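Student: I should like to learn how to read the features of a protein model step by step. May we go through one together?

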Amino acid sequence: MQKDKVTPAASQGVKRISSRLDGIHESATLKLNALVQAMKARGEDVINLTAGEPDFDVPEAAKAAVLEGVRANHSKYTAVPGIVPLREAIARKTSDAQGIAWNASQVIVTNGAKQALYNAFIALLEPGDEVLIPAPYWLSYPEMVKLAGGIPKFLPTRFEQGFKLTPEQLRSSLGPRVKAIILNSPSNPTGRCIRLKSSKRWVGFLRIRESGSSVMRSMTELFLRLRSFVRF
Ligand SMILES: Cc1ncc(COP(=O)(O)O)c(C=O)c1O
């Protein structure tokens with residue numbers, strides 16, 4: 001008896017990769033980083049200004065806490081948003097830093113900022129929803145928005161104006177399809193910080209918009225503590 005032959009999908013003209021990946025670009029930062037690593041491997045003297053990483057080792061207290069967790073067999077599944085003591089600590093730290101009261105029920109722990117933002121976009125964006133991104137911007141933002149079906153809209157800012165958005169710029173870009181605006185402070189790559197007073201104004205301003213058109217603010221402050229090390 002002859003076995004049914006299964007023709008591979010690719011040879012039937014079926015795309016192997018989903019169309020969700022159409023128009024998604026490779027990370028330019030990681031591409032350049034790989035190039036620098038290859039140049040170094042060839043013995044070339046090159047300074048790497050591509051991927052940004054702290055130049056210090058993992059703090060001893062963090063290493064000790066990880067080892068303690070392993071010894072205590074903290075290796076089982078946890079609650080999806082993270083363990084309560086960690087969420088409480090994050091809420092306390094963020095409340096102190098921002099002067100805005102947060103509690104543990106408003107905190108979700110993720111594997112880094114990238115996952116947090118991507119999850120948020122997946123949860124919030126309908127196909128065709130727009131996300132405002134002040135430029136220059138961290139290169140992953142538009143790709144994450146596109147993967148989640150959204151449309152990135154860039155708001156150019158200039159060195160001469162301290163990379164600030166002007167109120168007119170913001171007003172004129174808040175169309176009916178705008179779902180979110182990404183505010184990154186201190187900004188990668190400009191280093192611009194949004195002052196606490198302005199950050200509260202932003203929250204107030206967007207709350208007004210939220211009641212009318214559900215604009216979400218995505219405030220990414222992953223370099224907040226770096227201000228202790230770097231002067232912006
Ligand atoms: C603005 C910005 N957001 C997010 C990330 C990535 O964060 P994580 O490594 O925590 O996912 C970076 C990394 O450089 C970044 O510059």
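Tutor: Certainly; let us begin with a pair of strand residues. This is a predicted model, and in it Ala135 has Pro156 of strand E2 as its bridge partner.

Student: Which strands pair here, in what sense, and over how many bridges?

Tutor: Strand E1, residues 130-135, pairs with strand E2, residues 151-156, in the parallel sense, and six bridges join them. Another position to look for is Val131, which stands opposite Pro152 in E2.

Student: How does the chain cross from E1 to E2, and is the crossover right-handed or left-handed?

Tutor: The path leads from E1 through helix H5 to E2, forming a β-α-β crossover that is right-handed.

Student: How many bridges join E1 to strand E3?

Tutor: Three bridges link E1 with E3, residues 178-184, and these strands run parallel. Within this pairing, Leu132 has Ile181 of E3 as its bridge partner.

Student: Is E1 mostly covered or uncovered?

Tutor: E1 is mostly covered, since five of its six residues are buried. For the chain of 232 residues, 12% count as buried.

Student: How should one describe two packed helices?

Tutor: The general idea is to give the angle between their axes and the distance between the axes. In this model, the axes of helix H4 (residues 113-124) and helix H5 (residues 140-147) come within 9 Å and cross at roughly 35 degrees. The crossing of H4 and H5 is right-handed.

Student: Which residues make the contact?

Tutor: From H4 come Lys114, Leu117, Tyr118 and Phe121, while H5 contributes Ser140, Met144 and Val145. By character, the residues in this contact of H4 with H5 comprise five nonpolar, one polar and one charged.

Student: Where is the place of Ser19, and is this residue buried or exposed?

Tutor: Ser19 lies in the segment before helix H1 (28-41). A residue counts as exposed if 12 or fewer other C-beta atoms lie within 10 Å of its own. Ser19 has 7 such atoms within 10 Å, and therefore it is exposed. Its C-alpha atom is separated by 9.9 Å from that of Leu147, although these residues are 128 residues apart along the chain.

Student: How many helices and strands does the chain have, and what pattern does it follow?

Tutor: There are seven helices and four strands. Along the sequence, their pattern reads α-α-α-α-β-α-β-α-β-α-β.

Student: What share of the contacts joins residues 24 or more positions apart?

Tutor: Such pairs account for 51% of the contacts in the chain with a separation of 6 or more.

Key. Residues numbered from 1 in each chain as written. Predicted model: local features only at pLDDT ≥ 70, side-chain atom pairs only at ≥ 80, totals over all residues. Axes fitted to C-alpha atoms, helices over the stretch in contact; angles between N-to-C directions. Helix = DSSP H or I, 4+ residues; strand = E, 2+ residues; numbered from the N terminus. Left-handed = near helix turned anticlockwise from the far one by under 90°. Contact = placed C-beta atoms within 7 Å. Nonpolar A, V, L, I, M, F, W, Y, C, P; charged D, E, K, R; others polar. Pairing = 2+ DSSP bridges. Right-handed = clockwise from strand over helix to strand, strands pointing away. Buried ≥ 20, exposed ≤ 12 C-beta atoms within 10 Å, placed from the backbone.
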